[in-house]
Amino acid sequence: KPTDSAGSDGVKLCHTFQEAKEHFHHLLTVEAVNGGFNTEVLCQEFLQGKEYVIDCVSRNGVHKVAMVWVYDKRPTNGSQFVYFGLLPVDPSSEEAKVL
């Protein structure tokens with residue numbers, strides 16, 4: 001993905017080194033959604049599974065979980081995982097307790 005862009009712009013799941021190399025060169029030639037051209041590209045390992053957000057508050061070394069969310073990602077606009085929104089996780093669920 002481009003290092004100086006936004007959202008899912010330029011993000012692609014590549015399955016081979018050759019595919020990653022081709023996408024890398026492609027990103028250096030296209031304009032980013034926020035204007036300008038990409039000068040750097042970040043490659044990250046893809047981790048399969050759910051992605052969570054855990055909102056916490058802390059005071060005097062005491063930490064409390066305020067809310068647990070799971071990202072709702074969907075395939076759209078040619079990308080396999082666009083952030084669509086956040087879904088709350090029931091705080092009494094086993095899923096929340098594990099987190």
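## A tour of the pockets, bridges and surface

Start with strand β3, which gives the second largest pocket more of its lining than any other element does: four residues. Keep in mind as you click around that this is a predicted model.

**Stop 1: the second largest pocket.** With β3 still selected, look at the space beside it: the second largest pocket holds about 210 Å³. Its lining counts 15 residues, and Val11, Asn77, Gly78, Ser79 and Gln80 are the ones closest to the centre. Colour that lining by class and you get four nonpolar, eight polar and three charged residues.

**Stop 2: the largest pocket.** Now go to the largest pocket, at about 880 Å³. Select Val11, Gln44, Glu45, Phe46 and Phe81 to get to the middle of it; out of 28 lining residues, these lie nearest the centre. Three elements each give two or more residues to this lining: α1 (17–27), β2 and β3 (79–88). Highlight α1, since the largest share, four residues, comes from there. By class, this lining has 14 nonpolar, eight polar and six charged residues.

**Stop 3: the salt bridges.** Side chains of opposite charge can pair when their charged atoms come close. The count here is five salt bridges, and three are worth a click.

- Pick Lys50 and Glu95, whose side chains meet at 3.2 Å, N to O. Lys50 sits in the loop between α1 and β1 and Glu95 in helix α2 (residues 94–98), so this bridge ties together parts 45 residues apart in sequence. Lys50 is exposed at 59% relative accessibility, while Glu95 is partly exposed at 29%.
- Stay on α2 and pick Lys97 and Glu94, with closest N and O atoms 3.8 Å apart. The two are three residues apart in the helix, which puts about one helical turn between them. Both Lys97 and Glu94 are exposed.
- Then pick Asp72 and Arg74, where the closest N and O atoms are 2.8 Å apart. Asp72 is buried, with a relative accessible area of 15%, whereas Arg74 is partly exposed at 36%.

**Stop 4: a backbone oddity.** Select Asn60, in the loop between β1 (52–59) and β2. Check its phi: about 55°, a positive value, although Asn60 is not a glycine. The residue is exposed, with 71% relative accessible area.

**Stop 5: a nonpolar patch.** Finish on the surface with Ile54, Val65 and Leu99, which form a nonpolar patch with about 250 Å² of accessible area together. Zoom in on Val65, found in strand β2 (residues 62–76); its 54% relative accessibility makes Val65 count as exposed.

How values were computed: Residues numbered from 1 in each chain as written. Predicted model: local features only at pLDDT ≥ 70, side-chain atom pairs only at ≥ 80, totals over all residues. Heavy atoms only, no water. Patch = residues over 30% accessible without salt bridge, like charges linked within 9 Å, V, L, I, M, F, W, Y side chains within 5 Å. Areas by Shrake-Rupley, 256 points an atom, 1.4 Å probe, with all protein chains shown as cover. Salt bridge = Lys/Arg side-chain N within 4 Å of Asp/Glu carboxyl O. Buried < 20%, exposed > 50% of the residue type's maximum accessible area, 1.4 Å probe, protein only. 1 Å grid on protein atoms, 1.4 Å probe; cavity = no way out; pocket = protein on both sides within 12 Å on 5 of 7 lines; lining within 4 Å. Points joined across faces, edges and corners; volume = space filled by probe spheres on them. Nonpolar A, V, L, I, M, F, W, Y, C, P; charged D, E, K, R; others polar.
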